Amino acid sequence: MECSDSYSEEEEEEESIIKRWIIQGIDSLKNQDIKSKMYHANGSDITYYFYLENYSDDNTPIKFHIVFPTIEYALKLLIEVKIANKNSAIKGKQIVCIEKANDDSSFCLNNTWKYLLDPENKFMINNNLFVEVKLSEYVEKQSVQFKTPSDSTTKQVYSSVSKSSCAIYSKDETGYVGLQNQGATCYMNSMLQALYHIPEFRRLIYQMDVNSIEGANKDIPINLQRLFCQLQFSDTAPNTKALTKSFGWNSLATFIQHDVQEFARILIDKIELKLNKTPLQGKIAEMFRGEFTSFVRCPDCGYESSTTESFYDISLEVKDTKDLKISLKKYTEKELLTDENQYNIEGKGRFNAEKGIEFTKFPPILNFHLNRSEYDPEKEQIVKIDSRFEFPESIDLNEFLAENSDQKNSSQIYSLFGVLVHSGTVNYGHYCAFLRTSSNDPQWYEFNDTCVQKVSKEKAVDDNYGGASNFSGYYLIYVRNSDAERIFKPVTDDEVPEALREWYRNKTEHRSPKKAGDENLFLYTEDSIKWTTRLGMPSFVCSDKKRSIRIEGGKITGKELYDKCAHEFQWNRDEIKVWRLYYNNVPSSVVDDDNTQISLFYKNFFVTKSDKNSEVQKNFNDYIYVYCCFFFTDAEMPLQYIGNFIIQKTSTIKDLASLVNERIGYPADTPLECYELMTNEPLKIEITDDSGELRTFENYCVSSGSIYIFEVAKHHIRPNTTTFEILPPLSEEDKHILHSSSRSYLNQSQSSSFSSKYELYEDNRTEELSKIQKIQKIPKIPKPEKQVPVFFYDEEDSSDDIDEQCNKKKSISAFFEQDKKLLKCQIYSYKARDERLATIVIHSTLSIEELTLFLSKCLNFDYNPEEDAICIYRITHNGMSLMYEGTISYYLQEHLGINGYFTLFVDFEKRITFDELSKRTLINVTFRNEDNQIKSSLIRMNLKSSTAEIVNDALTEFNEEITESMSVFNVVDHRIVGLADCESIFDSYLCQDLIITSYDDSSLSCFFCFTVICGCWQRFVGIPGSVVLNESDTSKSLKKRLNVDDDWNLVISQNSNFLVRNNEFVGLSLSYKNGLVRDDENVLQKWRERDDGTDTIFFVRFEQKS
């Protein structure tokens, strides 16, 4: 049975494949199907191709097909097709289910062949057609509900989405944690939980010798050990990515459906293989392996032929079978060979005989696989058997043993300890596990991905017989009573190998600069919508308007969160509502104001002032919160946020329009048109349905969190005045703040981690493509950013004012369509990310190939596409992402530009292919010796290179050797943020910084950095470092030792956010009030006057005013 969950808690970007299909010489293909080449899915045997059906020049709709000649498993995909010109696009979108090889799925695009081929519409370029196809895993938006015939009560199909009522922090409630779902890995999560909660199996995994020549990335037992260690020690649900990678599965494979029995057999086989020729060989078999004999017997002549075989699970028939015991009887039922089917004994002739199997040995842990699938000849496919099949809590299997079995005279009573449940169809559905975790405790637990909760025996067993519902037991785990106490002997923490515990400690210590278990939550209010609306794209999240609160211990109840929000915003506690912002950043679910612990997997929350109306509070579920903008056509900034409305679900859209008119001061009967903002596109909402009835929000399935935009209906005279205060466009200062925050975010996105003293080791060097050496003593004051040229892809788009050109919008549709058509991009150097090269104005339909050529001309690159490479990167939530194929709109359209501008980084190299360049990253390594001489090199390394490899390459370049007094640090925004981990891997395109400098944690070491003050702003510059202070050091003598000019002031700082003390994060340096140390003042004495005695590391900065 397969599963197809589409939700992944750890996943932050959509898994998708984009193909750009170029149809050449289309005129010669008339009246035939136009077929693409064959494509191969990375890391699998899946192949597919596209074709357009029966090309003609009439009004026939354009019909798109996708065919999968070979597939490994059933697929459920979202297919998006686009054929774009300069101003518009022909599109189509469809969810397709591919269940067997050569399945042909088709759907029509939103226009005809005649329209496509019309020269005036300019879809054809030199008789070529460009078709863009995007394939994504299909994301289920909601779980399915159904009613059982018996009681008509509504049940809900299990979903992999975390529910607030079943928090990720389940350990306090149950003692156990769940596992994160990568997309369709519920089958794996269920089996892993079942195996983990068999203590004898877990103990065996911990006892394995996991020294592997392949490395951890390919070693399944190593990653299984680590996962079990996390399940034992962690307070939150770990992810299984390392384990799936060790299976050789790429990210797409985690969205492909698998079977829980198949996974169990693969995993057990891998472990047994690892245990071969070790002292633990045979231990898996002792737990799970049983034996049976296949026989043929002739009672008349005494002949018998038999073969002994082993099994790890027993597959039983479900169809037309009442329960487990009856199915076992069918399994062992003897077949009589008589008449024409008599058995032929060589040399004796044909005789009546009986044929069958007898169990000779049952294992201590007995697994049953319930066969719930069969081939349906009418449908020509495999279908699921949902018929009722009962399984007991206890069963005596003695009657199924052969008479000559060694176990015949011992107790064979087994108790049920695990039920792995499947819901859905044979191809799509979900798994969860119901488990007992102790031989002495009858309590059942439900393990549903990240969700763990206590449940009754009825829910765990009785409700999963199948029949009326499609919840059905699929895999059963029984344990022999006489072995249960031994098998369920608890695994103590001391039994976890010290090396494994050390790995876990390092993992958790390096995870973040917070205290262990602490969490930062981010709060947003309607200020975010106001701010982003002035940028042209209303959003509930704006980084410049967020508030951050620290949750100690990483756990908080709803009531405590309300208290913190009220304190943070200084609002009346009774007036606020706190909403969760899930992955789509829409506040559709309110946090309950009670003592229930809430999930903090998603860290963003939206806080609003609620209606004091007692009726609203009493019947809150009958109301929805909507957020409204109005489009004032003649305003300098036409799109304005006007506030939220709390309305009944039974209200009509016309009712909301009346409230909008009232808020902006228009006459109540002013006709308005309404649009709902859907994924950054306005979708027009009809006020009445086809029958003329007014639409209600309930009919329209609207939930809280929707954004509506209103404008005066076309062909209607707009009122002359409004009482609403229309805000002007953002000021230049605001634009500067936004742009600065974007650059700062990029710098802060770099990771930093801690280890003990850095130890270098030799390894194979990676080829360097670009190295820049420089000698520097002191930082220079940064010059104002130079004026850069502006380039327009089409000259007709050019204007003296770029913003004016990109804001010529007279209606809602034109406003958003123009945003999609014209994009303003700031182009920066990838090698020197503070260096702005140009501003460009381009069309969103531009391909990456076209953008590459355009940039090469704008920036005067000596670029030969056959020999050289240009890589273009964009800012994402994870730092930087490579733009590799498709159109620009796929990469930028869904991301809000800063001040209306998008930021791109360009990397150009001669004599290297694009594929080679795209697999490498840049690291800026600086060496500061004890005499404060500085050498820097910009080194290009393969992605996945370790810190040790990078530093070795840099030291070779510098012709230097590291000494005992030197350490390697991560640098972010010209500040040291922590000791670098020699094993950490550079897997980001971010141009990252390392510094090798002196540091002695047993002495009075002082970290220093340089800051330029300009008005109320400060900017970090230059190269930071560390120095050992002397008791006699004055400000002047220290500056002399560090080669710092006299016009820099030395200021003593305090720790606040990031730095290091005793190998732990303690903070970025912030200046003490009155922390200035004058030239003749003693630095240490000045420090001790301000230090409370808790810090063993000093922080100073050199400041200069600009």
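**Exercise 1. The mixed sheet**

Task: In the predicted model, work out the strand order of the open five-strand sheet with mixed pairing, and find which strands stand at the edges.

Solution.
- Step 1. Read the order across the sheet: 29-28-32-30-31.
- Step 2. Look at the two ends. Strand 29 (547-551) and strand 31 (587-590) each have a single partner strand, so one side of each lacks a neighbour in the sheet.
- Step 3. Add the twist. Neighbouring strands are turned against each other by 40° on average, direction ignored.
- Step 4. Take one pair inside the order. Strand 30 (residues 576-581) and strand 32 (residues 604-609) are antiparallel partners, with five bridges.
- Step 5. Find a register point. W579 is opposite F606 in strand 32.
- Step 6. Link the sheet to a core. F606 belongs to a separate core of 43 residues, which also includes F540, I576 and V607.

**Exercise 2. The antiparallel sheet**

Task: Describe the open sheet of four strands, then locate a residue pair between strand 12 and strand 18.

Solution.
- Step 1. The order is 13-12-18-15, and the pairing is antiparallel.
- Step 2. Strand 13 (303-311) and strand 15 (335-337) are the edge strands. Each has a single partner strand, so each is left with one side that has no neighbour in the sheet.
- Step 3. From one strand to the next, the twist averages 25°.
- Step 4. Strand 12 (residues 290-298) runs antiparallel to strand 18 (residues 353-361), and seven bridges join them.
- Step 5. Within this pairing, S294 faces I357 of strand 18.

**Exercise 3. A covered strand and its partners**

Task: Is strand 27 mostly covered or mostly open? Find two strands that pair with strand 27.

Solution.
- Step 1. Strand 27 spans residues 472-480. Nine of its nine residues are buried, so by the cut-off each has under 20% relative accessible area.
- Step 2. One partner is strand 19 (residues 365-371). The pairing is antiparallel and has five bridges.
- Step 3. Fix the register there: F368 has L476 of strand 27 as its bridge partner.
- Step 4. Another partner is strand 23 (residues 413-424). This pair is also antiparallel and is joined by eight bridges.
- Step 5. Fix the register again: V421 lies opposite G473 of strand 27.

**Exercise 4. Helix packing around helix 3**

Task: Classify how helix 3 packs against helix 7 and against helix 5.

Solution.
- Step 1. Choose the descriptors. A packed helix pair is described by the angle between the axes and the distance between them.
- Step 2. Start with helix 7 (residues 260-275). Its axis comes within 9 Å of the axis of helix 3, and the two cross at roughly 55°.
- Step 3. Helix 3 is therefore oblique to helix 7. The crossing is right-handed.
- Step 4. List the contact. Helix 3 contributes Y187, M188, M191, L192 and L195, and helix 7 contributes V260, F263, A264 and L267.
- Step 5. Turn to helix 5 (residues 220-233). Its axis is 11 Å from that of helix 3, at an angle of about 75°.
- Step 6. Angles of 65 to 115 degrees count as roughly perpendicular. Helix 3 and helix 5 therefore fall in that class.
- Step 7. List this contact too. L192, Q193, L195 and Y196 of helix 3 meet L224, L227, F228, L231 and Q232 of helix 5.

**Exercise 5. The largest nonpolar core**

Task: Which residues touch the most other members of the largest nonpolar core, and which helix gives the largest share?

Solution.
- Step 1. The core has 54 residues. L192, F201, F228, I271, I284 and F288 touch the most other members.
- Step 2. Helix 3 (residues 186-196) supplies the largest share, eight residues.
- Step 3. Trace one hub. Beyond neighbours within four places in sequence, I271 contacts F201, I205, M208, L224 and I284.

**Exercise 6. A loop aspartate**

Task: Is D219 buried or exposed? Where does D219 lie?

Solution.
- Step 1. D219 sits in the loop between helix 4 (199-207) and helix 5.
- Step 2. Its relative accessible area is 3%, so D219 is buried.
- Step 3. Relate D219 to K270. They are 51 residues apart in sequence, and their C-alpha atoms are 9.6 Å apart.

**Exercise 7. The whole chain**

Task: How many helices and strands does the chain have, and what percentage of its residues count as buried?

Solution.
- Step 1. The chain has 25 helices and 58 strands.
- Step 2. Of its 1106 residues, 53% count as buried.
- Step 3. Take the contacts with a separation of 6 or more. Residues 24 or more positions apart make up 69% of them.

Definitions and conventions: Residues numbered from 1 in each chain as written. Predicted model: local features only at pLDDT ≥ 70, side-chain atom pairs only at ≥ 80, totals over all residues. Heavy atoms only, no water. Core = buried A, V, L, I, M, F, W, Y, C linked by side-chain atoms within 4.5 Å. Buried < 20%, exposed > 50% of the residue type's maximum accessible area, 1.4 Å probe, protein only. Contact = heavy atoms within 4.5 Å. Pairing = 2+ DSSP bridges. Axes fitted to C-alpha atoms, helices over the stretch in contact; angles between N-to-C directions. Parallel < 35°, antiparallel > 145°, perpendicular 65-115°, else oblique. Left-handed = near helix turned anticlockwise from the far one by under 90°.
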